[in-house]
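Please find below a short note on the structure, set out as numbered points.

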Amino acid sequence: MKVFTTKGLIEIDRLRIVDVVQLEDNCRKILCQYWLGDELVRQSVFIDVLRPIEAQAAHGDLNG
Amino acid sequence: MANTSGICTSFKVELMLALHALGTTVTRAGTTADTVKAALYLASASISAATTAYSATGEVSGTNYSAGGVSVTNATAPTSSGTTAFWTPSASITYTTVTLSTSFDTVLLYNSTQSNRSILAFNFGATTVTAGTLTLNMPTNDATHALIQLA
């Protein structure tokens with residue numbers, strides 16, 4: 001299987017795949033990185049919205 | 001049973017449905033749902049709850065990203081549970097095969113049908129995308145987790 005990268009389509013076997021999980025205040029980020037040697041040639045980001053802090057704070061005065 | 005004070009829950013839902021006009025307002029041309037879009041902003045931009053409308057200033061740019069962002073799937077109308085009205089996009093927000101090399105950290109949801117007026121800003125921490133996909137997975141659409149909650 002080939003993967004689209006900054007170097008074009010590359011066989012997935014040639015790539016080192018690393019998932020990096022980052023926790024933020026209101027979400028969880030998963031960075032799916034594809035490395036060709038020492039070069040990052042693809043990075044997808046998946047963000048799970050866990051809590052809309054800003055939106056809730058902005059509407060705090062609507063408490064009924 | 002006694003009388004109590006409170007902003008009516010139905011009113012909170014109806015705010016999101018544009019059923020009330022307590023001041024001079026726009027004349028709505030139709031009864032269909034407005035189009036909501038999602039634009040991404042650089043970490044150096046100044047998007048916040050004080051942002052009143054979409055602007056290209058500070059917006060990301062890069063391969064396969066179009067100014068103004070992408071349309072948000074809105075198949076579920078606002079509703080309520082208990083005294084909380086809520087709404088969440090009905091699908092993930094996805095930017096496919098983009099390269100956004102300059103650090104960005106915020107998505108602005110705005111109403112492209114109503115003069116690009118702002119709905120909410122969501123800061124997810126600085127990140128970049130390289131020849132990949134950015135996916136914003138929405139929370140469960142309930143009174144505890146929904147993206148917009150009027151409690």
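Leaving aside neighbours within four places in sequence, with which residues is L108(B) in contact?

1. L108(B) is in contact with A39(B), Y41(B), I47(B), T51(B), Y54(B), S118(B) and A121(B), its neighbours within four places in sequence being left aside. Contact requires C-beta atoms, placed from the backbone, within 7 Å.

2. This is a predicted model, in which local features need pLDDT of at least 70 and side-chain atom pairs count only at pLDDT 80 or more, while totals for chains, interfaces and linings use all residues. Residues are numbered from 1 along each chain as its sequence is written, and chains are lettered from A and ligands numbered from 1 in the order in which they are written.

3. For chain A the mean pLDDT (the predictor's confidence in each residue, from 0 to 100) is 86, and 80% of the residues reach 70 or more. Residues 54–64 of chain A fall below 50, yet this stretch has 20 contacts in the model beyond near neighbours in sequence.

4. The largest nonpolar core (buried Ala, Val, Leu, Ile, Met, Phe, Trp, Tyr and Cys residues joined through C-beta atoms within 7 Å; buried means 20 or more other C-beta atoms within 10 Å of the residue's own) has 38 residues. V49(A), A39(B), Y41(B), V107(B), L108(B) and L109(B) touch the most other members. β5(B) gives the most to this core, nine residues; strands are DSSP E runs of at least two residues, numbered from the N terminus.

5. Chain B brings 31 residues to the contact and chain A 27. On the chain B side, β6(B) supplies the largest share, 17 residues.

Definitions and conventions. Contact = placed C-beta atoms within 7 Å. Helix = DSSP H or I, 4+ residues; strand = E, 2+ residues; numbered from the N terminus. Buried ≥ 20, exposed ≤ 12 C-beta atoms within 10 Å, placed from the backbone.
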